[in-house]
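Welcome! Please take a moment to look over the sequence and the model below before reading on.

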Amino acid sequence: MMRARALPFRKRPMTDLADRVRDIVADHAALEGPLLPILHAVQAEWGHVPEAAVPVIAEALNLSRAEVYGVVTFYHDFRERPAGQHVLKLCRAEACQAQGGAGIAKLAQARLGIGWHETTPDGRVTLEPVYCLGLCACGPSAMVGDQVIGRMDREKLETLIEGLRA
Ligand code: FES
């Protein structure tokens with residue numbers, strides 16, 4: 001059975017959020033176009049971009065909240081809510097779709113009972129689309145944590161999901 005590694009981010013208490021976000025902004029202040037690196041750093045810290053971080057970042061960068069929020073929602077890499085214990089990513093790009101990716105995605109959604117960007121009610125698995133994992137010749141491809149899995153088929157997926165939910 002495949003075992004997935006835990007997510008790499010550190011969970012921090014939300015109480016010191018504003019101060020910590022200001023520190024993160026200060027750490028990136030010298031960069032040109034610091035917003036994306038700041039958002040990545042915030043997500044690395046809390047596992048998602050907390051709503052309360054948006055006005056702090058906006059004020060520090062002299063942007064509107066809508067501008068910051070727009071970037072958070074535009075890029076699939078950023079999460080507005082904490083992810084589940086495991087994040088299962090399924091490739092939705094062309095080569096994997098041509099090798100049966102759509103059927104694998106449908107099966108994953110049915111088995112987990114969730115859609116894209118959702119987390120199972122038990123908090124075990126978050127399902128996310130990804131657009132190419134660099135394993136195009138071995139599609140359909142998937143990723144759990146930092147483990148990339150090629151040639152995904154129904155049986156492999158069933159086993160994987162069973163392991164993630166155990
Ligand atoms: S298209 Fe799926 S890994 Fe490249």
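This report walks through the nonpolar cores, one strand and its partners, and a loop residue beside them. Please keep in mind that the model is predicted.

## The largest nonpolar core

Let's begin with the helices. The largest nonpolar core has 20 residues, and those touching the most other members are Val21, Leu39, Val42, Ile57 and Val68. Four elements each give two or more residues to this core: helix H1 (17–27), helix H2 (35–46), helix H3 (53–61) and helix H4 (65–74). The biggest share comes from H2, with 6 residues.

Val68 is a good residue to click on. Leaving aside residues up to four places away in sequence, Val68 touches Leu35, Leu39, Val54, Ile57, Ala58 and Leu63.

## A second core

There is also a separate core, made of 18 residues. Among its members are Leu112, Ile114, Val125 and Ile161.

## Strand E3 and its partners

How many of the residues of strand E3 (residues 125–130) are buried? The count is 6 of 6, so E3 is largely enclosed by the rest of the structure. In a regular strand, side chains alternate between the two faces of the sheet. Here both faces of E3 are covered: Val125, Leu127 and Pro129 are buried on one side, and Thr126, Glu128 and Val130 are buried on the other.

E3 pairs with two strands, and you can trace each pairing in turn. E1 and E3 run parallel and are joined by 6 bridges; in this pairing, Cys91 stands opposite Val130. Strand E2 (residues 118–119) and E3 run antiparallel, with 2 bridges between them, and Thr119 has Thr126 as its bridge partner. E2 and E3 form a hairpin with 5 residues between the strands, where Gly123 takes a positive phi near 75°.

## Ala93, a loop residue

Next, follow the chain past E1. Ala93 lies in the loop between strand E1 (86–91) and helix H5 (94–98). Is this loop residue buried or exposed? Ala93 is buried, because its relative accessible area of 19% falls under the 20% cut-off.

What does Ala93 touch, not counting residues up to four places away in sequence? Its contacts are Val130, Tyr131 and Cys132. Val130 is a familiar name here: it is the E3 residue opposite Cys91. Another residue to look for is Pro140, which is 47 residues from Ala93 in sequence and 9.3 Å away in space, C-alpha to C-alpha.

Conventions. Residues numbered from 1 in each chain as written. Predicted model: local features only at pLDDT ≥ 70, side-chain atom pairs only at ≥ 80, totals over all residues. Heavy atoms only, no water. Core = buried A, V, L, I, M, F, W, Y, C linked by side-chain atoms within 4.5 Å. Buried < 20%, exposed > 50% of the residue type's maximum accessible area, 1.4 Å probe, protein only. Contact = heavy atoms within 4.5 Å. Pairing = 2+ DSSP bridges.
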